[in-house]
Amino acid sequence: MKDIALLARPNAGDTLIPPEQPLEMPDQDFATAFRDHTAPQAKPQRQVALWRLIAFSPAMIATAGLSLVMQGWFAKDGFMGLEVLLLVLIAFNFFWISFSVSTVLLGLFRLWRRQLGQHVSGPDTAEAMKVALLVPVHNEDPASVCANARTMLDDLYAWGGQHDYAMFILSDTRDDRIGALEQHHVEVLQTTLPPGIRLYYRRRAQNTGRKAGNIADWVRRWGAGYEAMLVLDADSLMTGRAIAELADALARDPGAGLIQSFPQLIEARSVFGRMQQFANGVYGLAMAEGLAAWVGSDGNYWGHNAILRTRAFAACAGLPPLRRLVGGATQIMSHDFVEAGLMRRAGWSVQFMPWIEGSYEETPQTLIDHILRDRRWCQGNLQHLNLLAARGFKAVSRFHLLHGAIGYLMAPIWFALLVIWALIGKGKETSALEYFSPANPLRPSWPDMSEPRHVAVILVIYAMLLAPKILAIVAVRMSGRRLSDFGGAGQFTLSFLSEILLAILYAPILMVQQMIAVFRSALRLQRGWAPQARDGGHYRLRTVALTHVLETLCGLLLSAGIVAGLVSLWLVPIAISLALAIPLSALSGLHPPASLALWMGSRETFVRPQIIETAQGYRRAMAAYFSGQSAEHSAAE
């Protein structure tokens with residue numbers, strides 16, 4: 001790494017922004033189908049149709065089987081409206097659970113094929129492109145952003161290749177003090193870059209359209225000068241090899257409009273962060289492989305660590321205001337899913353390549369930080385319901401939009417099931433619904449959920465929830481990784497069991513919080529899109545308690561019902577989790593002691609990639625340098 005003292009030398013003449021090269025980016029019309037005449041004719045996806053059959057059919061068959069069994073129980077004394085509702089809710093949830101399992105199984109099959117050398121790659125030749133690396137920032141730590149930028153540019157320079165790269169730090173920062181620091185960091189950093197690598201900085205006066213508007217502004221001002229743009233987040237980190245592989249893949253396929261990588265989570269230090277990082281590193285691979293198989297050219301976009309064909313994006317993905325179901329219009333918040341659907345509608349392929357390694361991002365460090373991010377995502381994903389009828393969207397693009405919304409709508413559905421289950425109790429004699437008169441036609445004849453056959457179904461549902469995690473252990477071996485990459489069999493087992501325990505404890509809390517997020521969005525109480533607390537917020541006990549008051553109340557009521565013999569013992573884990581929501585939330589932000597430094601560690605924890613070490617080194621050096629400059633300035637005054 002270059003000596004940080006080099007940062008002190010005068011600016012070498014680099015400019016903050018290059019001359020503009022405008023590119024038109026018209027807003028799209030959701031009421032009219034659109035085809036980009038420059039998009040090559042799409043190739044048939046024959047094998048993808050088979051993968052979709054393999055992914056969806058088992059989930060549909062399993063859901064139909066469960067529904068038939070439970071329908072027989074409820075139909076014994078005639079169907080009631082509440083029983084029909086309960087059956088529909090159970091079937092709806094079970095389909096998505098089963099679909100996750102079948103996707104993981106498909107991913108295992110794909111990993112097995114790749115292990116046998118049956119993965120088909122594209123041609124080796126790729127034309128050179130000019131690629132812009134875009135880093136949108138909004139009130140972020142300038143030292144962290146510039147350290148990651150410098151690390152990626154250095155790694156690209158060391159890797160080489162035929163493509164020509166330039167990085168743009170695109171600031172939407174509203175705080176003038178942070179904005180001045182951003183510019184100073186970039187000006188100083190420009191003087192130390194390797195030859196041929198360029199870094200630019202632009203800060204908008206108004207952050208119209210938030211991140212989507214930030215990217216669109218760059219496209220309209222400089223997009224004509226670059227064949228491709230690789231969109232990053234403020235906390236993104238990618239190796240030069242990963243960037244070059246994405247650029248090569250886009251260059252080799254003239255029909256590709258967008259290629260999404262699979263970012264791995266890094267730098268988790270808290271209990272909650274480590275849980276997320278371990279799950280992403282161990283369980284995520286098989287799911288990602290299965291997803292890549294059945295989406296084919298109809299993939300999705302997660303808004304970062306992905307490369308896009310600039311002219312295709314400009315021609316097809318301009319976002320208009322979104323009309324609400326009930327009057328007025330609003331800005332599209334979760335823009336990435338919609339942009340992927342628009343590009344696919346226009347004839348460009350959207351691909352997912354989880355096998356490209358070296359793509360990283362960070363994760364929220366506390367439960368409250370995760371909840372705050374989830375509320376923003378919920379607000380954006382529920383908007384997608386307004387676009388399900390948009391003209392020209394592919395069926396799979398509509399599925400992505402629906403799936404994103406359902407991920408949040410399932411929370412109130414699960415909560416409704418929890419309430420109904422609690423009211424059913426342990427049988428007719430102890431049911432909390434016994435206050436209904438037997439002569440009342442609205443009174444259902446509930447099955448006794450303590451019967452062995454009913455308990456067996458409950459166990460099947462629990463097993464399906466755990467199946468993706470258990471199957472993912474097989475994926476570790478099939479992906480060429482070893483248990484030694486996770487600290488050995490003993491350490492891996494401890495981490496695996498810890499993650500499952502914590503996931504069980506946090507799942508009911510997240511269910512309630514996602515239900516709250518749904519109602520906040522529906523009632524338009526969720527406003528703004530505040531920056532994420534990258535290092536984890538520090539919250540007082542009063543804030544934690546107020547955040548989790550509903551879960552605590554629900555947990556205490558459930559616990560009282562269990563003690564009184566009115567509620568099934570099967571709800572004990574949920575009752576404990578909800579009743580202990582406040583201490584569990586406080587636990588989420590704790591940093592384990594040094595003796596547990598490798599607990600719940602992913603592969604990147606035990607064998608840290610060099611790019612992460614380099615980024616951390618630059619971060620420390622930059623912080624020290626600018627801190628010293630500030631001290632000198634204060635002394636001079």
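1. Start with one residue pair. Val-137 has its bridge partner in β2, and that partner is Ser-171. The model is predicted, so read the pairing as a feature of that prediction.

2. Now widen the view to the two strands. β1 covers residues 130-137 and β2 covers residues 164-171. They pair in the parallel sense, over eight bridges. Strands of a sheet pair through backbone hydrogen bonds, either parallel or antiparallel.

3. β1 also pairs with β4, residues 228-231. Four bridges join these two strands, and they run parallel. Look at Ala-132 here: its bridge partner in β4 is Met-229.

4. Is β1 buried or exposed? Seven of its eight residues are buried, so the rest of the structure largely encloses this strand. From β1 the chain passes through helix α3, residues 142-159, and on to β2. This β-α-β crossover is right-handed.

5. Step back to the whole sheet. It is open and has seven strands, in the order β3-β2-β1-β4-β8-β6-β11. The pairing is mixed. The edges are β3 (198-203) and β11 (349-352). Each has a single partner strand, so one side of each lacks a neighbour in the sheet. On average, neighbouring strands of this sheet are turned by 20 degrees against each other, direction ignored.

6. Finally, turn to helix α4, residues 176-190. This helix lies across β1, β2 and β3. Against β3, helix α4 runs at about 165 degrees.

Definitions and conventions
Residues numbered from 1 in each chain as written. Predicted model: local features only at pLDDT ≥ 70, side-chain atom pairs only at ≥ 80, totals over all residues. Heavy atoms only, no water. Pairing = 2+ DSSP bridges. Axes fitted to C-alpha atoms, helices over the stretch in contact; angles between N-to-C directions. Contact = heavy atoms within 4.5 Å. Buried < 20%, exposed > 50% of the residue type's maximum accessible area, 1.4 Å probe, protein only. Right-handed = clockwise from strand over helix to strand, strands pointing away.
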